[in-house]
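Colleague: I'm new to this structure and would love a close look at one part of it, the main nonpolar core. Could you walk me through that part and then show me how it sits among the rest?

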Amino acid sequence: MSRFLNHSTVAANEGSRENEGDGEYVERQLCRDAILPMPAICEVPCPKDCALSPWTAWSLCSHTCSGKNTEGRQTRARSILAYNAGEGGIQCPNISALQEARSCNDHPCTVYHWQTGPWGQCIEDSSIPATNTSSAGRARGDDASCSVGMQTRKVICVRVNVGQVPPKKCPESLRPDTVRPCLLPCKRDCIVTPYSDWSPCPSTCQAGGNTKKKQHRKRIIIQLPANGGQDCPEVLAQERECEAPSVCQGYRWKTHKWRRCQLVPWSVRQDSPGAQETCGPGLQARAVSCRKQDGGQADIGACLKLASSMPPLTQPCQLPCQEDCQLSSWSKFSSCTADCVGVRTRKRMLVGKSKKRDQCKNNQIYPLTETQYCPCNKYNAQPVGNWSDCILPEGGRVEGQLGMKVQGDIKECGQGYRYQAMVCYDQDNRMVETSRCNSHGYIEEACIIPCPSDCKLSEWSNWSRCSKSCGSGVKVRSKWLREKPYNGGRPCPKLDHVNQAQVYEVVPCLSDCGQYVWVAEPWSVWKVSNVDLKENCGEGVQTRKVRCMLNTIDGPSDQVEDYLCDPEEMPLGARDSRLPCPEDCVLSDWGAWSPCPLPCSGNSTRERIGYPIRQPGEGKECPPTKETESCKHNSNCFHYSYNITDWSTCQLSDRAVCGSGIKTRMLDCVRSDGKSVDLKFCKELGLERKWQMNASCVVECPVNCQLSDWSAWSECTHACGLAGKLWRRRTVTQAPQGDGRPCPSQMEQWKPCPVKPCYRWRYSPWSECKSEGARCGEGLRFRNVSCFVSDGSGRGEGSLVDEELCGDLEPSVDGDRQIVLQEECTVPCPGECYLTDWTVWSPCQLSCVSGDDLGFGSVQVRSRAVVAQEPENLLQCPEQELEARPCTEGQCFEYKWNTGPWRGSSRQVWCQRSDGLNVTGGCPATAKPMSDRSCDPPCTKPRSLCTEAGVCGCEEGYTEVMTSDGLLDQCTVIPVLEIPTAGDNKADVKTIRAFNPTQPAASAPGRAGRTWFLQPFSPDGKLKTWVYGVAAGAFVLLVFIVSMTYLACKKPKKPQRRQMNNRLKPLTLAYDGDADM
C-alpha cells in the first residue's frame, strides 16, 4: 500500500480554477482569503491489496447527556470493496475493524429544568397608560395598534422522567421570562344611529273602531364591535300605543213605529179651500231618535254630523173610503194550552157595507183569521265553522336562551286556546242571539304550540395532521350532529354532503419537505453468488437497512412510519454488482448527479463521477469514472413554480363565536410534474412572491328573527252571520342573520266572531191585481215589508220574525231605500191577451254538463210572458217571447232540488242554482223530492193537489174526473156561461179605458211594450176562421161535460172532497219553466 499526502483542494483546468467541494468552479482569486485545508495522510491500495471504502460520517449521538447509566456514543463504518490476492497483498481487516465508536455529549445530564407553555393572548396592561383611544385608532385604520399590552405564559420546574416539582429545584438564573410586552389592536365600539322619529299616529279618529293604533321608531347599526369594544344594544326597534283620542264614538239612527194614517185635506194638498174629506190619500208619521253604538241615548246633532242621512219621517198612506173593504182591527191571539204545543189564532171581521161586497169576501186578499204556532222558549246551541288558530294568552311570550346568547332570542310557545263559534236557534230553527243559549258565543279548547328546539352540535375535535408530508395540504377538525332542529329552531350549519351528520372546518397547512428523511445504514458485506472461491470475487449482492426518520435541528432522531417519507426519494435497500478480483480496478460509489441546466432542453446533459480507490494491475484498466445522461423534462429535469392555496375559513380568537377574524392561505412550491417539493427549490430560482397570505374577515353573528307584538284584533269581517272572523297580524322587525332562528311562517291569526243573527227587511209577494170599481182594466196591486232573520250565508230566504227585531235597521230592501208598496197593474178583460214587460237579462251562462263546457259559448236570455184572464184563451194567444244574446265570461251552474221543513203533510220544494238563485227550471223533474206525503198514491196529475181529507183533488177552476175505483183520473176546466139580462149590472163588463176596445190605452207606468188584442172580425167585416173553431170546440166541450155529469151522478159513492170555488181565476201566468224567479 502506498501512502501520500492528500489535499482536499486540487488544481484543475490549467490551474486557473479551484474546485470548491461539490459547488461550482470559480475564479481562483475569489479563494485568496479562504483558509487552505491542512494536508492529511491517506493510503492508496496496491493492485493486490484489500480495497476498503471511505469511512461513513459519524452517526448522531445516542444520548443528549451522560450519567451513571447512560453514555453518549457515536459510530461510523466502512466496507470491503475488494479482497486481496492470495500472495503478496495486504489482507482485509476483521469485521470488528470495519467499525469505530467514540464518546459524545459527555456533559452530565440535567435532572431539573424549566419548561415553558405557549404565550397567551395579548391583554391590556393597566400599569401602562394607553397611547391612543379607540377613536384615534379608527382615524389611523382598523388594523392600527392603539396600546401596549402584555402576554403571559406558564413556566414550571420539571424533573426528568418525573414531572413538575417546586420551582426552587431549578436554577433561578436560567428561569425564562413569564411576561412580555405586545401591541394591542384598537378597540372598536359598536356605533348605532340615533332613533328615528316616531311614525305618525292617525290624525283623525277612526269611526267605530276600538283597535289600538301604534307608532314605531328604529335605529341602525353602522359599525360592528371588534377587539373587545362595546357590544351593540339588543333593542333596535321600539313601538308604543298612540294616545287615547284615536276612536270616534259611533252613532246611528233608530226609527220607531209608524203612527196611524192621517188624512191630508184637499185644501192643504191643492193649496186652495175645499170640502173636508173622510177618505183618500194621507200621511203617516214616525219618530226618529239618535243612538250611540252601544244603544245609549245621544243628542240628535251627533247623528246629523256623524251618522248617515236621516230616515224619512213621513210616508204616504191610503185611508180607505166607504167603497173599499173595511175590516176591524185584529183581536188578540188566543191563549196556548202549553209552551211549544199547538197553534194560536186571532180574528177580525168585515165592517159595514163591506159585509155585502163579494170582493171583500175573498179570504186570500182579506183574510179574517191568522194562525201561528204557539211560542216556544226552547233554544238549541250548535257549533259552527272550523276551529281557530291556537292563540296564546296575552303576555304569553316565553323568553329563553338555547346555546349562546343571541340578539333577539325570543321564542313563542306553550299552552294556548283555540275557539269555535256557537250559533243559537229557537224551536222554529230561527237564529237568535247567542245569549239566549247562555253562551258567550264560543267553544274553547286547550291546545299546544310546540317550542322550537335548536340544532345541537358536539365540540370541535382536535385538528388532524396535515394531509401532506411535503408542501401544502389541509388539516381538518369536525363537529358531530347531536340533535336536529325542529319546530322552527335555529338551523344547523351546512352539513357534510356524504352523511349529513358532520360539520367540517378545513384550513390549509404547509409541511416542511425535510421534516421526514430516509436514513440508510452502510452496505453489508458482499454475498458472492457465482464466484471463484479461491479468488473471492465475482457477481454478488449487498444489502442495507433504510428507515424513515423524523428530522430535527440536530439531525434525524426518531424512526417514523415509512409513508411519511417521499417514496420516490427512498434509497435502494439492495444492489447487484461485481466484486472486483485481485488486481482489478476498484472505483468508489458514484457521486450525485450534477443539476440539469434550466430551462430543460433535450440537448443538455448531466453527469456523475467516481474515483479509483485501487489502481488496476498490469494489463488491466479502470472503467470510465464519469457517467453522462440526457436531461429529459419531468424525468430528471424539472421546472418549479409557486402555487397559492385557497383561503381558509375565517379563524377567530379563542372562545369567540363571531366577529372579526383572519383567513390565511399558503404558498407551495410545485414541480412541473405536479409534485409538491420543498420551498427551497423555488427560493433558489428567485421566483416572485406577489401574493398576500393573510386577510381580515368577519363571521356574521347569529341574530334571531324578531317580530312585532300582535296587533289588536280587527273588526269582524261580517256584521252578522256565521262567516265572520277576527284577524290580528304581526310583522318582522329584524330579519334573521347567520345561523339565527328563522322567522315563523304564521304571521297572522284568526278566531271566529260571536255569531249574530242577520235581520233584514223583505217584501211580501204582490197581491192580485185589483181594478177598483171594474172587472178588468188598469188597477193596483199591493205588498208589505216584513222582518226576516237568516244566517248570512245566502242559502234560503230566512225566517219571518217580529218587526221589532228590525227596528234598528234603516228602512230599505236589498239596499234600495225607496220602499214601493203598491204599483199599477192590468187585469186582462175576457178574450184579451197581454204580454208582460221583458224580464232583465239573465246572468251569463255556459252550456255545460256536470261542470264540463260543451263548447257552444256563453249566452244570456230574457223573456216576456203571456197574460190572459181565462186559461182557455191562452190557446188563442201568442206564445211567450224569448230572446237570447251571446256574452263573455260565462259561468257553469249546477241545479239541485231544495226542500223546506214539513208543515203537517206538505213542504216546500224548489229548484236552486249553484249561485244561490231560486229558479223554475234546470232541475231534473225525475229527481224532484216529494212535497206532499199525505195522499197515497201521490197526486201526480196536472192541476191536482192533496186535499185536507187525504184524497187527490183539483185546483180552483178545475173539476175532478174520477176512475171507476174512486181515484182521480184528470182535472178539467169548469166552463162558465154568463147570459146578460136587462138590469143586471153584474153582466156588464166595465173598463177604465175608453169605450172602443180596439184602441190600446196608454201603457201603465213601468209597463212599456206592445199590448195584444184578439179581434173576431177581419178588416172586410167577415168572421175569422178561428171563431168557427172556438164555437166547434165549445160544443164538443159541452157534450163532454154533460157526459161526465151523468157518470158522476151514476156513481154509488162519491169520495169526499173539498168544496171548490167555481169562480173564474182572475189571472193566469204562462211560463216555459226556464225563466228565473
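Modeller: Of the protein's 1077 residues, 28% count as buried. Please keep in mind that this is a predicted model. Its fold is written mostly in strands on your screen, so here is the tally: 74 strands and five helices. Among contacts with a separation of 6 or more, 67% link residues 24 or more positions apart. On the outside, the protein exposes about 70,100 Å², and carbon and sulfur atoms supply 52% of that area.

Now to the part you asked about. The largest nonpolar core has 13 residues, and the ones touching the most other members are Val-423, Met-431, Val-755, Tyr-759 and Cys-787. Three strands each supply at least two residues of this core: strand 32 (414–425), strand 57 (758–763) and strand 59 (785–790). Strand 32 gives the largest share, three residues.

Tyr-759 is a good place to zoom in. Leaving out its neighbours within four places in sequence, Tyr-759 is in contact with Glu-433, and also with Cys-787, Phe-788 and Val-789. Further along the chain, the contacts of Tyr-759 include Val-801, Leu-805, Cys-806 and Leu-809. Cys-787 is thus worth finding on your screen, as it is both a contact of Tyr-759 and one of the core residues that touch the most other members.

For a contrast, try Gln-359. This residue lies in the loop between strand 27 (343–347) and strand 28 (369–373). Gln-359 counts as partly exposed because its relative accessibility is 41%, and partly exposed covers values between 20% and 50%. Setting aside residues up to four places away in sequence, Gln-359 touches Cys-325 and Tyr-366. Gln-359 and Lys-770 are 411 residues apart in sequence, yet their C-alpha atoms are 9.7 Å apart in space.

Last, here is a small sheet to trace by eye. An open sheet of three strands runs in the order 48-50-51, with antiparallel pairing. Strand 48 (640–644) and strand 51 (676–677) stand at the edges with a single partner strand each, so one side of each has no neighbour in the sheet. Strand 50 (residues 667–671) and strand 51 run antiparallel and are joined by two bridges. To find one bridge partnership, look for Cys-669, whose partner in strand 51 is Val-677.

Key. Residues numbered from 1 in each chain as written. Predicted model: local features only at pLDDT ≥ 70, side-chain atom pairs only at ≥ 80, totals over all residues. Heavy atoms only, no water. Core = buried A, V, L, I, M, F, W, Y, C linked by side-chain atoms within 4.5 Å. Buried < 20%, exposed > 50% of the residue type's maximum accessible area, 1.4 Å probe, protein only. Helix = DSSP H or I, 4+ residues; strand = E, 2+ residues; numbered from the N terminus. Contact = heavy atoms within 4.5 Å. Pairing = 2+ DSSP bridges. Areas by Shrake-Rupley, 256 points an atom, 1.4 Å probe, with all protein chains shown as cover.
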